[in-house]
Amino acid sequence: MSDGTITILVVEDEVAIRDMIGMSLERAGFQWLPAGSTEEARRQLVDKAPDLMLLDWMLPGTSGLDFAKQLRRDDSTRDLPVIMLTARDAEEDMIRGLEGGVDDYLTKPFSTRELIARIKTVLRRAGGADETPITLGPLTLEPSSHRVRAGQQKIELGPTEYRLLQFFMRHPERVYAREQLLDRVWGRNVYIDDRTVDVHIRRLRKALEPHQAAGLIQTVRGAGYRFSTQS
Ligand code: CA
């Protein structure tokens, strides 16, 4: 399921703290990815498309705050929930952090319980927007009713095609490899062939075809698939 496994990217240069956070996340049922710098974080964002990022303020090179601002300027990462970890507790700094587009912050040292509670709150807030209908190009998808329309016409989709389309419409203009789609749409612990993705992409395009919308699902040679309203 697209929402079955939550993956959290932990950007922290101090390995001991990072691993401790990672262990807490695992115990709470989250998957996690480590990054020791903003460069590593960038690679993980592209490769793994995590659901949330814990971002340390004090990092070598680019600071966590500057990195968060960069991500907010980028279409593909603008909506990624970010919780800033900071050793500073000066109020002014926190306000500056929040103005930079950080969803929440935690001052070190924090308890595991507090960390997990904040993560759940931020995810809930981010997920709350998920009930809002998404309109892109000719298509409107209503997550609350699982309906998809092109104008006034209803489009019938199988459950997998629906999840696939929902994932694409929530992450438009980005290329996803087959393995990434398997992870995000089918779930990480499902062992199925990459070609299964192609089968469902074909079915999805076929369902969209009568509505002149099949071209929204684009094949990017050697890379994967992309939902795009630009041809
Ligand atoms: Ca640090």
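Q: Why are 4 residues in the lining of the second largest pocket classed as charged?
A: Asp, Glu, Lys and Arg count as charged, and the lining includes Arg-42, Asp-47, Asp-74 and Arg-174; these therefore make up the 4 charged residues. Ala, Val, Leu, Ile, Met, Phe, Trp, Tyr, Cys and Pro count as nonpolar, so Leu-45, Val-46 and Val-175 are the 3 nonpolar ones. The others, Gly among them, count as polar, which places Ser-76, Thr-77 and Gln-180 in the polar class of 3. This is a predicted model, in which local features need pLDDT of at least 70, side-chain atom pairs count only at pLDDT 80 or more, and totals for chains, interfaces and linings use all residues. Residues are numbered from 1 along each chain as its sequence is written, and side-chain values use heavy atoms, without hydrogens and water.

Q: How do you know that the lining draws on both domain 1 and domain 2?
A: Domain bounds come from an automatic or database domain assignment, which gives domain 1 as 7–126 and domain 2 as 134–227. Each contributes at least three residues to the lining. Helix H2 (residues 38–48) supplies the largest share, 4 residues.

Q: What makes the peptide bond between Lys-108 and Pro-109 noteworthy?
A: Most peptide bonds are trans. The bond joining Lys-108 and Pro-109 is cis, with omega about -5°. Pro-109 is found in the loop between strand S5 (104–107) and helix H5 (112–128).

Q: What makes the phi of Ala-49 noteworthy?
A: Most residues other than glycine have a negative phi. Ala-49 is not glycine, yet its phi is positive, near 45°. Ala-49 lies in the loop between H2 and strand S3 (52–56).

Q: How do you know that strand S1 (residues 7–11) and S3 pair?
A: Two strands (DSSP runs of E, at least two residues) pair if DSSP finds at least two bridges between them. S1 and S3 run parallel and are joined by 4 bridges, so they pair. Leu-9 stands opposite Met-53 in S3.

Q: Why is strand S6 (134–136) called an edge strand?
A: S6 belongs to an open sheet of 4 strands in the order S6-S7-S8-S9, with antiparallel pairing. S6 and strand S9 (153–155) each pair on one side only, and both are edge strands. The pairing of S6 with strand S7 (residues 139–142) rests on 3 bridges.

Notes
On a 1 Å grid over the protein atoms alone, a cavity is a set of points where a 1.4 Å probe fits but cannot get out, and a pocket is an open set with protein on both sides within 12 Å along at least five of seven lines; lining residues have an atom within 4 Å of a point.
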